[in-house]
Each structure stands twice: as C-alpha cells, then as structure tokens.
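Please work through the exercises below with the sequence and the coordinates open beside you. Each task is followed by a solution that goes step by step.

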Amino acid sequence: MIITWILVAAGLFALGALAYIATWNRTSATGVDGAISVIRSLDIEAFRNLVDPAEEAFLRCTLSPKEFREIQRERAWAALVYVRCAGRAAVLFVKAGQAAQHSSDPQIAESGIQIAHSALRLRLYTLQAGLRLLGQAMLPGTSNRPLSSLIDQYERTAETLLRLGRLRNEQQV
Amino acid sequence: MTWHTLLWISPHVLLAVIAVLMYQRRLYRDFPCFLVYMLFEIVEFALLYALNSIPSATEQQYTYAFIGTLVISIALRFGVIREVSDDLFRKRQFLKEAARGSLRWTKALLVLIGILCAIYAPGDDGTKIIGGLAVINRGVAIVQCGLLVFLMCFSRLLGLSWRGFGFGIALGIGVVASVDLATYAIRAQIASDEWARALNLLTTGSYLICALIWLGYILAPESKRSVVANVSGDEVDGWNRELQRWLRP
C-alpha cells in the first residue's frame, strides 16, 4: 500500500511542478540587469583560487588530514556558491540570446544564436561542476579535476557578447 | 443526460474544435502525431459512447473495445511526447545531442520503476482484467509523466524559452499523465465500485482541463518577448566590461 501512496504523492508533485514551470514560462523576463548584477557579485580570482589544484596540493602537504578535509569541504561549498551564481547568469544569458534571435537584424539574430549556444554550454558545465563540487563537499579530498572548462565556456560567451555589442554600435553609427 | 455524461462528452467536443483550428493554422505540419492522436480520441469516444448507449452491446464488447483503443491511445501519446521533445530541441541541435543521453537514461529509469512497481505492487486480484489494466496504465503513466516532467525541468534548468503550442501540448498531456499516475495507483490497489466512480470523475475532469489548456494555448497569442535589441549599447558594453573584469582582471 505504501507504494500506492508514494505514486499518488509523485503524481501530485508532478502536477505541482508542471503548474510552477507553466507559470514561470509565461512570466519570466530576460533579466539583463539581473545578469549584470550577478556577474558583479562574482570574484573570479577567489573562484580560481578555490578550485586551483596546486592550492589543494599545497594544503594537503601542510595540513593534517583532518584539517585538510575540513578546509577542503569549506572551499568546495564556497566554490559551489560561485558556480551557482555563474549558472544563474548563464540562464539569463540564454534568455537574452534567445530574445536576440528574434531581432529583425539578421546579424544580431545570428549573434543571439551564438550567445544562447555558448551560454547553454556554460549552463551545462555549471551543472556538471556543481555536481562535482557537491561530491567534494561531501567527500573532501577525492578527485579534484581542474574546472578550467567552466571558465573557457564563459570566455566564449563573452566573445560572442562582445561581437553583439560591436554590431549594435555599428548599427547606432 | 447526466452531468457525468456531459463531462465525458465536453472534452471531445473541444478536441474537435482544436483539430479544426490546427488544420486552419497548418499546425499539423509541426505536430502531425498530435493531430492524429486527437482525431483518434474523438473516434474512440464515438465508438465507446455508442457501445455504452446501444442496449444490445454487451459489457464484454465494451471492455474489448476499451482495451483495444487504450493500447493505440497509449502508443500515440508516446508519439506526441516525442513530437514535443523535438519541438523543444528544434533550433538547438547542440542541446539535442547533449539531452539525448539524459533522455535515454531517464526513459530506462522510468521503465525500470514501472516494472518494479508492477512486481512489488501487483494490485488487487479481485477483478483481473481491470486490475491488470490499472497496473499497466500505472506503469505507462510513470513513464509518460516522468518524461514530461524531465523535459519541463530540463527547459527550466537551462532557461530555455519553450512557449507556444508545443509547450501547451506538453503541459496538457503532463496534467493528464500526472492525474493518471495518482488515480491508476489507487485503482490498481483498491478495486471498489465507489472508488472507481470517484476516480473516473477525476480522470474525466483532468481530460477536460487538458483540452482547455490546449485550446487556450492555440487561441492565446504568444507572450511578447523582451528583445535584446531594445537594450542600449551602453548596457551591452556593461556586460562586456563585467565579463572581462571577471575573466581577465
């Protein structure tokens, strides 16, 4: 009988999730200002330091295993906050890119496709990185592959945004 | 005519209206399977309603017709889910590749859950055909509901703007599948006429809501997007400055 009630609860939960997503889908805005403020809140140097494998190796050598695990756990949680913020910014860029795709100017529309594409990849990487960091926070000291791909993806998004900015400037001239 | 019969008829009248609107707006080009599904649902209703109304038709005939049409309806609904998934990824080829693996794993997991539920909660043996049908339907609802929730969560997680009729179709089927999941879970376990009547009402009601959602999405104009082209050049430069500050301090 317990399975029955679990399934009933799952059905109701799914109904709630669908209603929430349908509401979000109709009301969510592009949030350009939000993207900018999210980026402003991020300190890239601090993030790089948190995920730096050399820094981790140094801490491993200088601290006792217990201290190392504690510090590493705190570093992983802190990095996770950065990744979540970057992920939020990526979502906003995805929306901005998708909106640009509907521009009457074909070049801006093309850039919109590129922004959305790059930002989507960034979002996927932030999800992946988030999971890995969560694993590290739970089990500190396990494998710590560098997260450079996250930054690479963001650079690509930035390059595309630069291109869009240039196009817009040309239009204004 | 009882209000219960009215509740049974009304969604199918709405489906006929939606089918006409789809034909007029040439939406059948993007969603051919959905149009076939709706037409099939109308034919299925006509057949079952006729069998229910004709005094010479036996209960056994009705049950066989119900099972036969249900199997086709389930298959078509999977086709519709495939169609809305294609709609989501139509302009996002890169994402389609990335999502394919996740979708495959989700499907496998959902099928496994459905099978495990059938093994560990086989249901009430009192009425064998109906009980068996409820168990199968429960498994199907797990997979369909899970797939639709996955697609919607995926689009939400990545910030994809999934609007228009494709989203409406997914939402409508999602509502029916969610209610089916809850009601068939109860049906499989509790084989009482009283419960069956109440659950029938719930299922028919959810189908009416589903038809109203489809009608709403086909009639409502797509909500206006805030286009980036309206953002001033300064703001774009602001993005760039912020990004560069972050990437190359």
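The exercises that follow concern a predicted model, and they go from whole chains to helix pairs and then to a single residue.

**Exercise 1. Determine the secondary structure content of chain A and of chain B, and state what fraction of each chain is buried.**

Step 1: The secondary structure of chain A comes to 7 helices and 0 strands, so that its elements, read from the N terminus, run α-α-α-α-α-α-α. Chain B has 8 helices and 0 strands, and its order from the N terminus is α-α-α-α-α-α-α-α.

Step 2: With a residue counted as buried when 20 or more other C-beta atoms lie within 10 Å of its own, buried residues make up 40% of the 173 residues in chain A, while 35% of the 249 residues of chain B count as buried.

Step 3: For contacts between residues at least 6 apart in sequence, 76% in chain A join residues at least 24 apart, and the corresponding value in chain B is 76%.

**Exercise 2. Describe how helix α2 (residues 32–53) and helix α3 (residues 59–89) of chain B are arranged relative to each other.**

Step 1: The axes of α2(B) and α3(B) come within 9 Å and cross at roughly 165°.

Step 2: Angles over 145 degrees count as roughly antiparallel, and α2(B) and α3(B) are therefore roughly antiparallel to each other. Their crossing is left-handed.

Step 3: The residues that meet include B:F34, B:Y37, B:F40, B:E44 and B:L51 on the side of α2(B), and B:Y62, B:F66, B:I72, B:R77 and B:E83 on the side of α3(B). Taken by class, the residues of this contact divide into 14 nonpolar, 5 polar and 4 charged.

**Exercise 3. Carry out the analysis of packing for α1(B) and α7(B).**

Step 1: α1(B) and α7(B) pack at an angle of about 25°, with their axes 9 Å apart.

Step 2: Angles under 35 degrees count as roughly parallel, and the angle found makes α1(B) roughly parallel to α7(B). The crossing in which α1(B) passes α7(B) is left-handed.

Step 3: Among the residues that meet are B:W8, B:P11, B:L14 and B:I18 in α1(B), together with B:G205, B:L208, B:L212 and B:L215 in α7(B). The residues of this contact divide into 17 nonpolar, 4 polar and no charged.

**Exercise 4. Compare the span of α7(B) and of α6(B) with the expected span, and establish which residues of α7(B) are buried.**

Step 1: At 1.5 Å a residue, the 27 residues of α7(B), residues 193–219, should span 39 Å, and the end C-alpha atoms are 39 Å apart, which agrees. For α6(B), which has 26 residues, the reach from first C-alpha to last is 38 Å, close to the 38 Å expected.

Step 2: The buried residues of α7(B) are B:S206, B:Y207, B:C210, B:A211, B:I213, B:W214 and B:Y217. What covers these buried residues includes α1 (3–24) and α6 (164–189) of chain B.

Step 3: In α6(B), 25 of the 26 residues are buried, so this helix is largely enclosed by the rest of the structure.

**Exercise 5. Locate A:N49 and decide whether A:N49 is buried, partly exposed or exposed.**

Step 1: A:N49 lies in helix α3 (residues 44–50) of chain A.

Step 2: Because 14 other C-beta atoms lie within 10 Å, A:N49 is partly exposed.

Step 3: A:N49 and A:M138 are 89 residues apart in sequence, and their C-alpha atoms are 20 Å apart in space.

Terms used:
Residues are numbered from 1 along each chain as its sequence is written. Chains are lettered from A and ligands numbered from 1 in the order in which they are written. This is a predicted model: local features need pLDDT of at least 70, side-chain atom pairs count only at pLDDT 80 or more; totals for chains, interfaces and linings use all residues. Axes are lines fitted to C-alpha atoms, for helices over the stretch in contact, and angles run from 0 to 180 degrees between N-to-C directions. Helices (H or I, at least four residues) and strands (E, at least two) are DSSP runs, numbered from the N terminus. Angles under 35 degrees count as roughly parallel, over 145 as roughly antiparallel, 65 to 115 as roughly perpendicular and the rest as oblique. A crossing is left-handed if the near helix is turned anticlockwise from the far one by less than a right angle, and right-handed if clockwise. Two residues are in contact if their C-beta atoms, placed from the backbone, lie within 7 Å. Ala, Val, Leu, Ile, Met, Phe, Trp, Tyr, Cys and Pro count as nonpolar, Asp, Glu, Lys and Arg as charged, and the others, Gly among them, as polar. The expected span of a helix is 1.5 Å times one less than its number of residues. A residue is buried if 20 or more other C-beta atoms lie within 10 Å of its own, exposed if 12 or fewer, and partly exposed in between; C-beta atoms are placed from the backbone.
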